[in-house]
Amino acid sequence: MHRLWSVLEIATVIFKHLQRRDQARIIRVCRYFWEVAIPLVWEDLPDIWMLVELFLWDKGSTDLGLIADQVGQTSLLLNQADKIEQASAAGPDKLVPTDRLSVHGKHTRTISLTLDPDKFHDLELFTYNDPFLLSLPRLRTLKVTIGDLDAPAGAELLHSALYLPTLTSIQLFPMHALDVGSCEPLMLLTQAVAKNDFDELESLTIEFPIKGEIDLECLVEAVRSHQKLKRVEFGTIHDTLQLQEALKELPLLQTLRLGELYFPSSRKPPPPMVTTGFPSLLHLDLSATPTHLQRFLPSINSSYLETIDLEVFVAERYLSSRIGIALEELTRFTLLKEVKLLFEVGYAWEDVEPVLSCTRLTRFGLISREQSWIPINSSHLQAMKKAWPRLLDLTITNFDRPTTGEPLIRLADLFDLTKDLASLQKLHISFDGRQHTQKQTFDALQNGGAKPANTSLQLLDVGWSLKDSDSEACSNLGQQFVAWWPNLRGVQAPPGPKRRWQGVKDFVAHQRALVTQSLSSTTATK
């Protein structure tokens, strides 16, 4: 064996990049590889059945005549489905862990569990079986997905489950986003989180079905009973002052994601928030209407906020948009480095203009889901360039092709944007790259004696840009990209049946390969 493998850190890094099945094969090579790879195989379990298979059933525990000897020995081998079925019938108090459970379980940090009628009783392992819990000393994350489950049948079990004091992260999800039937089991599990005392819990993620009827009291109790939370993610919830007040009081909260806040049709919008909180907040991800933004953003009193992702949509009850007024609050956060704005409503440049006051930005995204192009022109691009001299990543694009005749950003504006913006490394932008605009731009650049842009741009994502399918136009555009951006390593484009950008992508990749080969040859010669 090469001496390189004797360095534990190097071998571990290499094995981490392998797929799970390849890691499982590696452990059969030799004892040393087994010691290195076995923690990686058992670190993140995609299903609990991998642990269920490490149990035996005590003698006489069932009526099926299962003959079990001492721990680690059995005279009747059952397949996986039979074992799970027998576990449900026998009950967790009749299960005996094998030696392998303690050997492998000590490496487990994450377990994924799907609750459905077939696997529901697997949850009992977390509730009553002390040997099982003691065999997982490093378990930190539990991911539970609610399937087609009859919640009332297991209400008592759900309330008493999740007794895992070592957990630092709990994630609860529905099987389907529109499955409103999973609301009740999710709320029962949330109540279990509030009921049990997780001294080390730092992250709580709960996704509810879209527009499902939710009693937020259980969320409020779960938050208030765990004051060490640093990360909270709640998806698809209706707006309540009680929940937001509970979140504001968390002293260590650093990351907050609230998805699709909405007002139930049965009540009026709550009054504006008058108190402030979130003293340690670093990252905010909020999906809400402009009215919610106006209420929520002023309540943040953190001098450490660095990242804001806002998705703005308008519910039926709100026909007017006051986005600009809400975004003015961003100017208070002096350390803000990353801002992403995703609009599902129409807007104007004046709505986005307040963000120009955030002079420390290194990443900015402006994305529209409207069937029209973002209203950006050359003067707006120049304003961005002047306001954000440290910009590393810029996104200005649409999610879909436009149906209106509004103009795109011109190709000349695209080149001018990167000029003297030395820090820019990634650019995701939609522009007009059709053949007639190419000719105008190329002539203007050649007549002006244009030099390569002073930028370190490495990745260009053309998004939903327009371009003729002419192969000559592809070649010309690829040549200009390589000449204008010497550090460009690749071009990305959304997949499509016409593959209009494939010629440009291939040309840039080919030129980059030639440059790399030339540099390698020069280095070898020296």
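This is a short dialogue about reading strands and helix packing in a predicted model.

Visitor: Let's start wide. How many helices and strands are there in the chain?

Guide: Keep in mind that we're looking at a predicted model. The chain has 19 helices and 19 strands. Of its 526 residues, 49% are buried. Then look at the contacts with a separation of 6 or more: residues 24 or more positions apart account for 77% of them.

Visitor: Okay, strands next. What should I know about side chains in a strand?

Guide: In a regular strand, side chains alternate between the two faces of the sheet. Now take S4, residues 110–115. Five of the six residues in S4 are buried, so the strand is mostly covered, with buried meaning under 20% relative accessible area.

Visitor: Which strands does S4 pair with, and in what sense?

Guide: One partner is S1, residues 44–45, which pairs with S4 in the parallel sense over two bridges. There, Asp44 stands opposite Thr110 of S4. Another partner is S5, residues 141–146, which runs parallel to S4 and is joined to it by six bridges. If you want a spot to click on, go to Thr114, whose bridge partner in S5 is Thr145.

Visitor: Now helices. What describes two packed helices?

Guide: Two numbers: the angle between the axes and the distance between them. Try H9, residues 183–195, against H10, residues 217–224. Their axes are 8 Å apart and the packing angle is about 25°. Angles under 35 degrees count as roughly parallel, so H9 and H10 get that label.

Visitor: What is the handedness of the crossing where H9 passes H10?

Guide: H9 passes H10 in a left-handed crossing. On the H9 side, the contact uses Met187, Thr190, Gln191, Val193 and Ala194, which meet Cys218, Leu219, Glu221 and Ala222 of H10. By class, the residues of this contact split into six nonpolar, two polar and one charged.

Visitor: Which helix do the axes of H10 also come within 9 Å of?

Guide: That's H11, residues 241–248, and the H10 and H11 axes cross at roughly 10°. That angle makes H10 roughly parallel to H11. From H10 the contact takes Leu219, Val220, Val223 and Arg224, and from H11 it takes Gln242, Leu243, Ala246 and Leu247. The class count for H10 with H11 is six nonpolar, one polar and one charged. Notice Leu219: it shows up in the contact with H9 and in the one with H11.

Visitor: Let's move along the chain to H16. Is H16 mostly covered or mostly exposed?

Guide: H16, residues 411–418, is mostly covered, with six of its eight residues buried. The buried ones are Leu411, Asp413, Leu414, Phe415, Leu417 and Thr418. Just past the helix, have a look at the backbone of Asp420, which follows H16 and has a positive phi, near 65°.

Visitor: And how does H15 sit against H16?

Guide: H15 covers residues 378–387, and its axis comes within 10 Å of the H16 axis, crossing at roughly 10°. The two helices are therefore roughly parallel to each other. In this contact, Ser378, Leu381, Gln382 and Lys385 of H15 meet Asp413, Asp416 and Leu417 of H16. The classes here come out as two nonpolar, two polar and three charged residues. Asp413 and Leu417 are worth selecting: both are among the buried residues of H16, and both take part in the contact with H15.

Definitions and conventions: Residues are numbered from 1 along each chain as its sequence is written. This is a predicted model: local features need pLDDT of at least 70, side-chain atom pairs count only at pLDDT 80 or more; totals for chains, interfaces and linings use all residues. Side-chain values use heavy atoms; hydrogens and water are left out. Buried means under 20% relative accessible area, exposed over 50%, partly exposed in between (1.4 Å probe, protein chains only). Helices (H or I, at least four residues) and strands (E, at least two) are DSSP runs, numbered from the N terminus. Two strands pair if DSSP finds at least two bridges between them. Axes are lines fitted to C-alpha atoms, for helices over the stretch in contact, and angles run from 0 to 180 degrees between N-to-C directions. Angles under 35 degrees count as roughly parallel, over 145 as roughly antiparallel, 65 to 115 as roughly perpendicular and the rest as oblique. A crossing is left-handed if the near helix is turned anticlockwise from the far one by less than a right angle, and right-handed if clockwise. Contact means heavy atoms within 4.5 Å. Ala, Val, Leu, Ile, Met, Phe, Trp, Tyr, Cys and Pro count as nonpolar, Asp, Glu, Lys and Arg as charged, and the others, Gly among them, as polar.
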